[in-house]
Each structure stands twice: as C-alpha cells, then as structure tokens.
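Reader: I would like to learn how to read the fold of a small chain from its strands, its pairing and its core. Could you take me through one case, with the general idea ahead of each detail?

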Amino acid sequence: TDGRVFINLEGINNQVIITLTDILGNVILSQTYNSLINTAIDIPDVKGIYLLNVKTANGQRVLKIVKE
C-alpha cells in the first residue's frame with residue numbers, strides 16, 4: 001500500500017475494534033466503533049510490515065499490510 005487502507009464492513013451492526021500494530025507488536029492505532037460501514041486507516045510513513053486486526057462479535061480477522 002502507499003499509505004491508506006480502506007475497510008468495508010457493510011452489514012456489521014455491532015461493536016468493531018480495529019487495531020494496527022507493527023511487526024514487533026507495538027500498537028500504532030486502536031479504535032473502537034459501535035457501528036461501522038466504511039473507514040480508512042492511515043499507515044505510518046515508515047516502510048515495513050504491519051498487522052491490521054479487525055474484531056467483531058462474529059469473529060476476528062488479521063490482515064498483513066506491506067508499506068512500500
């Protein structure tokens with residue numbers, strides 16, 4: 001990615017927790033939403049690998065993001 005990641009959670013009507021960490025586990029961003037359809041996450045300027053964790057009542061998904 002060049003610095004911005006878009007998240008589409010259409011149909012999710014409960015709490016959403018989004019956490020962005022670097023590859024060492026340092027938390028870069030943590031946001032909790034009561035209802036969320038679309039959002040954009042800005043990745044820091046530092047090149048590297050980041051992990052985006054999206055957690056809802058239905059489960060959890062971890063996505064690897066490579067910042068170039």
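Author: What follows is a walk through this model, which is a predicted one, from the overall fold to single residues.

Reader: Let us begin with the whole chain: how many helices and strands does the secondary structure come to?

Author: The chain has 0 helices and 6 strands, and read along the sequence it follows the pattern β-β-β-β-β-β. Its radius of gyration is 12 Å, close to the 11 Å that the globule rule gives for 68 residues, so the chain is as compact as a globular protein of that length. Along the principal axes, the C-alpha trace spans about 35 × 20 × 15 Å.

Reader: What share of the contacts with a separation of 6 or more comes from residues 24 or more positions apart, and what share of the residues counts as buried?

Author: Such distant residues account for 47% of those contacts, while 31% of the 68 residues count as buried. The chain exposes about 4,600 Å², of which carbon and sulfur atoms supply 49%.

Reader: How should I read the sheet, and in which order do the strands of the open sheet stand?

Author: Strands of a sheet pair through backbone hydrogen bonds, and the pairing can be parallel or antiparallel. Here 4 strands form an open sheet in the order β3-β2-β5-β6, with antiparallel pairing. Because β3 (27–33) and β6 (59–67) stand at the edges with a single partner strand each, one side of each is left without a neighbour in the sheet. From one strand to the next, the twist averages 15°.

Reader: How many bridges join the pairs, β2 to β3, β2 to β5 and β5 to β6?

Author: There are 6 bridges between β2 and β3, 6 between β2 and β5, and 9 between β5 and β6. As examples of the register, Ile-18 has Val-54 in β5 as its bridge partner, and Gly-48 is partnered by Lys-67 in β6. The hairpin of β2 and β3 has 4 residues between the strands, and in it Gly-25 takes a positive phi near 95°.

Reader: Where does β1 find its partner?

Author: β1 is joined to strand β4 (residues 38–42) by 5 bridges, and the two run antiparallel; Asn-8 stands opposite Asn-38 in β4. β1 also has two faces, a covered one with Val-5 and Ile-7 and an uncovered one with Arg-4, Phe-6 and Asn-8.

Reader: Which residues touch the most other members of the largest nonpolar core?

Author: In soluble globular proteins, nonpolar side chains tend to be buried together. In this model the largest nonpolar core has 13 residues, and Ile-18, Ile-43 and Leu-52 touch the most other members. The elements that give two or more residues to this core are β1 (4–8), β2 (16–22) and β5 (48–56). Ile-43 is found in the loop between β4 and β5 and is buried, since its relative accessible area of 5% is under the 20% limit.

Reader: Is Thr-21 buried or exposed, and what is it in contact with beyond its neighbours within four places in sequence?

Author: Thr-21 lies in strand β2 and counts as buried at 15% relative accessibility. Beyond those neighbours, Thr-21 is in contact with Asn-26, Val-27, Ile-28, Tyr-50 and Leu-51, and Val-27 in β3 is the residue that Thr-21 stands opposite. As for the strand itself, 6 of the 7 residues of β2 are buried, so β2 is largely enclosed by the rest of the structure.

Key:
Residues are numbered from 1 along each chain as its sequence is written. This is a predicted model: local features need pLDDT of at least 70, side-chain atom pairs count only at pLDDT 80 or more; totals for chains, interfaces and linings use all residues. Side-chain values use heavy atoms; hydrogens and water are left out. A nonpolar core is a set of buried Ala, Val, Leu, Ile, Met, Phe, Trp, Tyr and Cys residues joined through side-chain atoms within 4.5 Å. Buried means under 20% relative accessible area, exposed over 50%, partly exposed in between (1.4 Å probe, protein chains only). Two strands pair if DSSP finds at least two bridges between them. Axes are lines fitted to C-alpha atoms, for helices over the stretch in contact, and angles run from 0 to 180 degrees between N-to-C directions. Contact means heavy atoms within 4.5 Å. The radius of gyration is taken over C-alpha atoms; the globule rule is 2.2 Å times the number of residues to the power 0.38. Accessible areas come from the Shrake-Rupley method with a 1.4 Å probe; for residues, only the protein chains shown count as cover.
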